[in-house]
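Here are some exercises to work through with the model open beside you. Try each task before reading its solution.

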Amino acid sequence: METLLFVLGIPLAGSLVLAAFGHRNWAMELNVVFSFFTFIAACVLTVQVIAGGPQFVWDRAFFIDALNVFLVALTAFVGFTTALFSRPYMRTERDHGKMTPPRLRLYHSMYQLFSFTMLLALMTNNMGILWVAMEAATLTTVLLVSVYRTAASLEAAWKYFILCGVGIAQALFGTVLLYMAAEKVSGGEGASLLWTHLDAVKSQLDPRIITLAFAFLFIGYGTKVGLVPVHNWLPDAHAEGPTPVSAVLSGLLLNVALYAILRCKVLTDGALHSALAGKMMMGFGLVSVVAAAFLLTRQKDAKRMFAYSSIEHMGLMTFAFGLGGPIANYAGLLHMTVHSLIKSAIFFAVGHASQKAGTQVMEEIRGLIKTSPMVGWGLMLGSLAILGMPPFGVFASEFLIITTAMREQPWATPFLLVALGVAFASVFSRVQPMVFGDTSLKRLPHPPASIPVFVHLGLGLMLGLYIPPYLDTWYREAARMIGG
């Protein structure tokens with residue numbers, strides 16, 4: 001399938017071109033062009049998979065089905081809109097002296113390479129290549145987080161590298177154990193790490209080895225998801241890196257890591273015929289939701305606050321997928337989509353707000369509704385959306401998750417409700433004065449990119465009111481594949 005070649009080849013070519021020309025004045029537009037054509041290729045691939053069903057590419061090296069193709073489309077779309085947001089943002093950073101020509105070249109090149117690694121992780125059929133792609137995504141984001149070269153950004157990048165390096169090493173050991181279990185069944189036919197082969201023989205895999213493998217894979221990839229207690233890298237990486245990097249970290253990379261866990265869960269459920277994987281996911285997910293909600297109350301930095309919000313929501317998704325079943329899985333997929341859209345829109349607004357104020361400290365950001373009404377309304381509406389206010393899509397997905405928990409795991413419902421209430425109070429009480437407080441700030445020299453903000457918010461609103469039939473069918477099919 002030539003389309004997949006374009007989905008992977010365009011961002012890879014973009015990284016090479018921008019490595020040479022990423023410092024030029026027109027490099028920001030070129031970054032948008034590469035991201036746009038990646039998105040178009042992803043849309044074409046999506047149409048082909050919807051029309052023809054799951055497909056193998058390049059002799060089973062890649063496998064496209066209902067579960068990963070919608071994530072491919074989402075990843076390409078958010079990558080494109082973030083590139084649009086990045087244009088005025090990076091021009092302002094350059095004018096302030098924070099982005100020199102070498103740093104701009106590194107940023108643009110690594111942005112495209114990061115997109116390539118995420119798309120590779122989503123579409124590969126090989127669990128070993130999945131691990132390689134996740135490791136490559138880690139290395140590219142380390143460079144993106146540290147691009148400012150300040151002491152704080154270097155410390156955040158180092159913490160990110162160490163913690164995620166330890167996590168990805170555990171995932172490697174889990175992958176080796178998975179290969180060991182598959183070799184006993186396949187007899188060394190060379191397909192032991194292909195996910196489709198593993199899925200076909202999952203009932204024959206050694207339960208003892210698979211139990212140990214899932215434990216390592218879950219903790220390893222769970223580090224990238226940002227689950228408590230292996231979450232410490234995430235707030236620092238969001239706070240110290242450029243805002244476009246924060247948007248793709250929260251909106252895309254966390255999803256890809258959770259996708260890797262879901263693939264492993266399907267194999268584990270089939271091998272063990274028990275709910276062990278689901279119980280682990282529910283436990284870590286619930287702890288992440290509760291811990292992140294209370295950590296939100298202590299934050300003073302805007303980007304750190306929304307980073308903890310990402311931990312909370314990733315914990316909620318993990319809990320939903322741990323519950324399993326058609327409704328909880330459907331809700332988890334819906335929440336994955338709307339969280340990516342809404343949280344990236346919030347980071348777009350926060351990025352412009354922090355540039356306007358010259359700080360990320362929330363007490364020093366005031367009156368956005370006066371100095372930049374589009375940014376102010378974007379931040380306020382985005383905050384209300386991510387906090388689960390109807391009729392946004394987050395409300396719909398959280399409602400499905402909580403009602404399913406009330407029926408399947410009633411003991412967890414009070415923890416979820418308390419955590420969501422604490423998170424609402426913490427975020428809203430800080431965002432309200434940022435938007436409506438008094439200020440004497442001046443306007444930015446470059447107008448903010450408000451279109452990506454409101455396109456994302458509009459899609460998040462639409463998914464709360466109406467899910468198109470083809471998207472509904474998509475979610476249902478993917479939910480059925482996850483099982484549980």
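For residue classes, Ala, Val, Leu, Ile, Met, Phe, Trp, Tyr, Cys and Pro count as nonpolar, Asp, Glu, Lys and Arg as charged, and the others, Gly among them, as polar. This is a predicted model, where local features need pLDDT of at least 70, side-chain atom pairs count only at pLDDT 80 or more, and totals for chains, interfaces and linings use all residues. Residues are numbered from 1 along each chain as its sequence is written, and side-chain values use heavy atoms, leaving out hydrogens and water.

**Exercise 1.** Work out which classes of residue line the second largest pocket.

*Solution.* Start with the term: on a 1 Å grid over the protein atoms alone, a pocket is an open set of points where a 1.4 Å probe fits, with protein on both sides within 12 Å along at least five of seven lines, and lining residues have an atom within 4 Å of a point. Next, find the residues: 17 line the second largest pocket, and the closest to its centre are Glu93, Lys98, Tyr148, Gly358 and Gln360. Now sort the lining, and you get 4 nonpolar, 8 polar and 5 charged residues.

**Exercise 2.** Do the same for the lining of the largest pocket.

*Solution.* First, look around the centre: of 18 lining residues, the closest are Ala73, Leu74, Tyr470, Leu471 and Trp474. Then sort by class: the lining of the largest pocket has 16 nonpolar, 2 polar and no charged residues.

**Exercise 3.** Find the volumes of the two pockets.

*Solution.* Grid points are joined across faces, edges and corners, and a volume is the space filled by probe spheres set on the points. That gives about 430 Å³ for the largest pocket and about 290 Å³ for the second largest.
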